[in-house]
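Here are my notes for your read-through. Keep the structure open beside you and look up each residue as you go.

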Amino acid sequence: ASPKGNPGSWATTNDYPTRALREERAGVTSFRVSVGADGRVASCQITSSSGSPDLDEATCENVSRRARFNLATDGEGQPTSGSYNGRVRWVIPED
């Protein structure tokens, strides 16, 4: 599955979990999504943790809500499911 638009917009500093921000936790969360034949996220799994459960949870929540994909097709041109791997880099925003 190939993403529509910019995957960098799926999780932004505006989505930073409050507690993680307060505790100045940052990191990279790797994820894998299953994409339905409709181009929407069907499920999200963390494949490599940032070390902070709330950052990992925020990754899947935001990606599941915002990500859209071009429809994948099978050998006969019919819509089919697919998958996509990505990462979100959680960086504490500067004031």
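1. Let's begin in the middle. The largest nonpolar core has 16 residues, and the ones with the most contacts inside it are Trp-10, Phe-31, Val-33, Phe-69 and Trp-90. Three elements give two or more residues to this core: β1 (27-35), α2 and β5 (82-90). Keep in mind that you're looking at a predicted model.

2. Now pick out Val-33, one of the residues with the most contacts inside that core. Which residues does Val-33 touch once its neighbours within four places in sequence are left aside? The contacts are Val-41, Ser-43, Cys-44, Val-63, Phe-69, Gly-82, Ser-83 and Tyr-84. Phe-69 is worth a second look, as it also sits among the residues with the most contacts in the core.

3. Step back to the whole fold for a moment. The protein chain has 2 helices and 5 strands, and if you read along the sequence you get the pattern α-β-β-α-β-β-β. Its C-alpha atoms fill a box of roughly 50 × 25 × 15 Å, taken along the principal axes. Take contacts between residues at least 6 apart in sequence: 69% of them join residues at least 24 apart.

4. Next, inside versus outside. The protein chain has 95 residues, and 32% of them count as buried. The accessible surface comes to about 5700 Å², with 43% of it belonging to carbon and sulfur atoms. As for charge, there are 11 positive and 12 negative side chains, and the centres of the two sets lie 2 Å apart.

5. How many disulfides does the structure hold? There is 1, formed by Cys-44 and Cys-60, whose sulfur atoms are 2.0 Å apart. If the term is new to you, a disulfide is a covalent bond between the sulfur atoms of two cysteines. Is this one left-handed or right-handed? The torsion about the S-S bond of Cys-44 and Cys-60 is about -75 degrees, so the disulfide is left-handed. Cys-44 lies in strand β2 (residues 41-48) and Cys-60 in helix α2 (residues 53-66), so the bond ties together parts that are 16 residues apart in sequence. Cys-60 has 14% relative accessibility, and because buried means under 20%, Cys-60 counts as buried.

6. Back to β1, this time for Ser-30, which lies in that strand. Is Ser-30 buried or exposed? Its relative accessible area is 14%, so Ser-30 is buried. Not counting neighbours within four places in sequence, Ser-30 is in contact with Gln-45, Ile-46, Thr-47, Ser-48, Gly-86 and Arg-87.

7. Two loop residues make a nice contrast. Glu-24 lies in the loop between α1 (18-22) and β1, and its relative accessibility is 62%, so Glu-24 counts as exposed. Ser-52 has its place in the loop between β2 and α2, but with 5% relative accessibility Ser-52 counts as buried. The C-alpha atoms of Ser-52 and Thr-18 are separated by 13 Å, and these two are 34 residues apart along the chain.

8. Do check the backbone at Glu-24. Phi there is near 55 degrees, a positive value in a residue other than glycine. For background, most residues other than glycine have a negative phi.

9. Thr-80 lies in strand β4 (residues 79-80). The relative accessible area of Thr-80 is 27%, so this residue is partly exposed. Leaving out residues up to four places away in sequence, Thr-80 touches Gly-36, Ala-37, Ala-72, Thr-73 and Asp-74. From Thr-80 to Val-63, C-alpha to C-alpha, is 20 Å in space, with their positions 17 residues apart in sequence.

10. Finish with the segment before α1, where you'll find Pro-3. Pro-3 counts as partly exposed, at 23% relative accessibility. How many residues apart along the chain are Pro-3 and Leu-71? They are 68 residues apart, with their C-alpha atoms separated by 9.2 Å. With neighbours within four places left aside, Pro-3 is in contact with Trp-10, Arg-68, Phe-69, Asn-70 and Tyr-84. Two of those names, Trp-10 and Phe-69, take you right back to the core residues in point 1.

Note on methods: Residues are numbered from 1 along each chain as its sequence is written. This is a predicted model: local features need pLDDT of at least 70, side-chain atom pairs count only at pLDDT 80 or more; totals for chains, interfaces and linings use all residues. Side-chain values use heavy atoms; hydrogens and water are left out. A disulfide is a pair of cysteine sulfur atoms within 2.5 Å. Helices (H or I, at least four residues) and strands (E, at least two) are DSSP runs, numbered from the N terminus. Buried means under 20% relative accessible area, exposed over 50%, partly exposed in between (1.4 Å probe, protein chains only). Contact means heavy atoms within 4.5 Å. Accessible areas come from the Shrake-Rupley method with a 1.4 Å probe; for residues, only the protein chains shown count as cover. Lys and Arg count as positive and Asp and Glu as negative; His and the chain ends are not counted. The place of a charge is taken as NZ of Lys, CZ of Arg, CG of Asp or CD of Glu. A nonpolar core is a set of buried Ala, Val, Leu, Ile, Met, Phe, Trp, Tyr and Cys residues joined through side-chain atoms within 4.5 Å.
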